[in-house]
Amino acid sequence: MIKLLVTGCAGFIGYHLCHKLLAGELEVIGIDNLNDYYDVELKQARLQRLNRHHNFTYYQLDIHNRQGLNALFESYHISRVVNLAAQAGVRYSIENPQAYIDGNIVGFSNLLESCRKAQVQHLTYASSSSVYGLNPKIPFSTHDRVDHPISLYAATKKSNELMAHSYSHLYDIPTTGLRFFTVYGPWGRPDMAYFLFADKIMKGEPIQVFNHGKMKRDFTYIDDIVEGIVQVMNNPPKPNPDWDGNPSTSSAPYRIYNIGNNQSVELLSFIEVLEDALGKKAIKEMLPMQPGDVPETYADIDDLVRAVGFKPGISIEEGVALFAEWYKWYYNN
């Protein structure tokens, strides 16, 4: 039986990934530090559902804990790793930069070292569309250079890609970075805009709409993200013998992919779909752009489609309806 380590298993994406994987013939070891960046009870509710599976083992562990991580790898013959543990949030990184250095830089370096010692078959890890920063080209392509991040969160995710490449090059560890684009859906993160909108709308409170609603995002439903992860983790990268400097690949076993819905939706349009799904209108407070934000995200997913034959396809209307149904159930609205 393949043994897979999923870090950040009590998080939004980690929970959904584990839920899908546990339905197959995999032994999943999940770790999470259960930090209080957002509602710990929501994380524990996700874990409670995962613990129903006989092939799931959970440890409360932070990847910043080097000794604990090494001990875990020594206890299990882990063959694949999916790293979803990170300090998330663009705006929070402006106020609490040290949390991002500890979790996203030091923690990721600890994980790379454990993967090297264990000689894992494949490390798949979460990057972010935030790495594109001031990139003026739309849609965002993994062939573009990403040298101008505008938040420390984005800088740490770009650093993860660089660190992974060095380990792929030096130690022949297959690594794949996935740049996620605005993930939403049931069991989501309460700090995300769509979740905050739902909460305020249902309470009859004003929602804060930044950049006067003119921002555009490539909203990607959670099931599409998870399917993309599964397809990629089962296809470890090989060295590219014809590498020509393209930053998404390498002469080492290293790849970068975008996972997005391959369309850009204006924020006001998304809010209208959410209002329809919740059956209630929003009170909008129009505000200027916030520090660390970009006006638009839009994923070029051609490389992902060519590599694994997968293209996200869940519409905004379908995905938002599923989120709204869960939200009303979970919060008894």
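**Strand β5 and its surroundings in the parallel sheet**

In the predicted model, residue A126 of strand β5 has L178 of β6 as its bridge partner. This pair belongs to the contact between β5 and strand β6 (residues 175–180), in which the two strands run parallel and are joined by 6 bridges. The connection between them passes from β5 through helix α6 (residues 152–171) to β6, and the resulting β-α-β crossover is right-handed. Along the same pair of strands, L123 is found opposite T175 of β6.

On its other pairing, β5 is matched with strand β4 (residues 80–83), again in the parallel sense, over 4 bridges. Here R80 has H122 of β5 as its bridge partner.

These pairings form part of an open sheet of 7 strands, ordered β3-β2-β1-β4-β5-β6-β11, with parallel pairing. The edge positions are taken by β3 (56–60) and β11 (254–259); each has a single partner strand, so one side of each is left without a neighbour in the sheet. From one strand to the next, the twist averages 20°.

Helices are packed on this sheet. Helix α3 (residues 66–75) touches β1 (2–7), β2 (26–32), β3 and β4, and the direction of α3 makes about 170° with that of β2. Helix α5 (residues 97–118) lies across β1, β4 and β5, and runs at about 165° to β5.

The burial of β5 was examined residue by residue. Of the 7 residues of this strand (residues 122–128), 7 are buried, so β5 is largely enclosed by the rest of the structure. The side chains alternate in direction: H122, T124, A126 and S128 point one way from β5, whereas L123, Y125 and S127 point the other way, and all are buried. Both H122, the partner of R80, and A126, the partner of L178, thus belong to the set that points one way, while L123, opposite T175, belongs to the set that points the other way.

A further packing arrangement involves two helices. Helix α2 (residues 40–50) and helix α11 (residues 316–330) pack with their axes 14 Å apart, at an angle of about 100°. An angle of 65 to 115 degrees counts as roughly perpendicular, and α2 and α11 are therefore roughly perpendicular to each other. On the α2 side, the contact is made by E41, L42, A45 and R49, and on the α11 side by W326, W329 and Y330. By class, the residues of this contact comprise 5 nonpolar, no polar and 2 charged.

Definitions and conventions. Residues numbered from 1 in each chain as written. Predicted model: local features only at pLDDT ≥ 70, side-chain atom pairs only at ≥ 80, totals over all residues. Heavy atoms only, no water. Buried < 20%, exposed > 50% of the residue type's maximum accessible area, 1.4 Å probe, protein only. Pairing = 2+ DSSP bridges. Right-handed = clockwise from strand over helix to strand, strands pointing away. Axes fitted to C-alpha atoms, helices over the stretch in contact; angles between N-to-C directions. Parallel < 35°, antiparallel > 145°, perpendicular 65-115°, else oblique. Contact = heavy atoms within 4.5 Å. Nonpolar A, V, L, I, M, F, W, Y, C, P; charged D, E, K, R; others polar.
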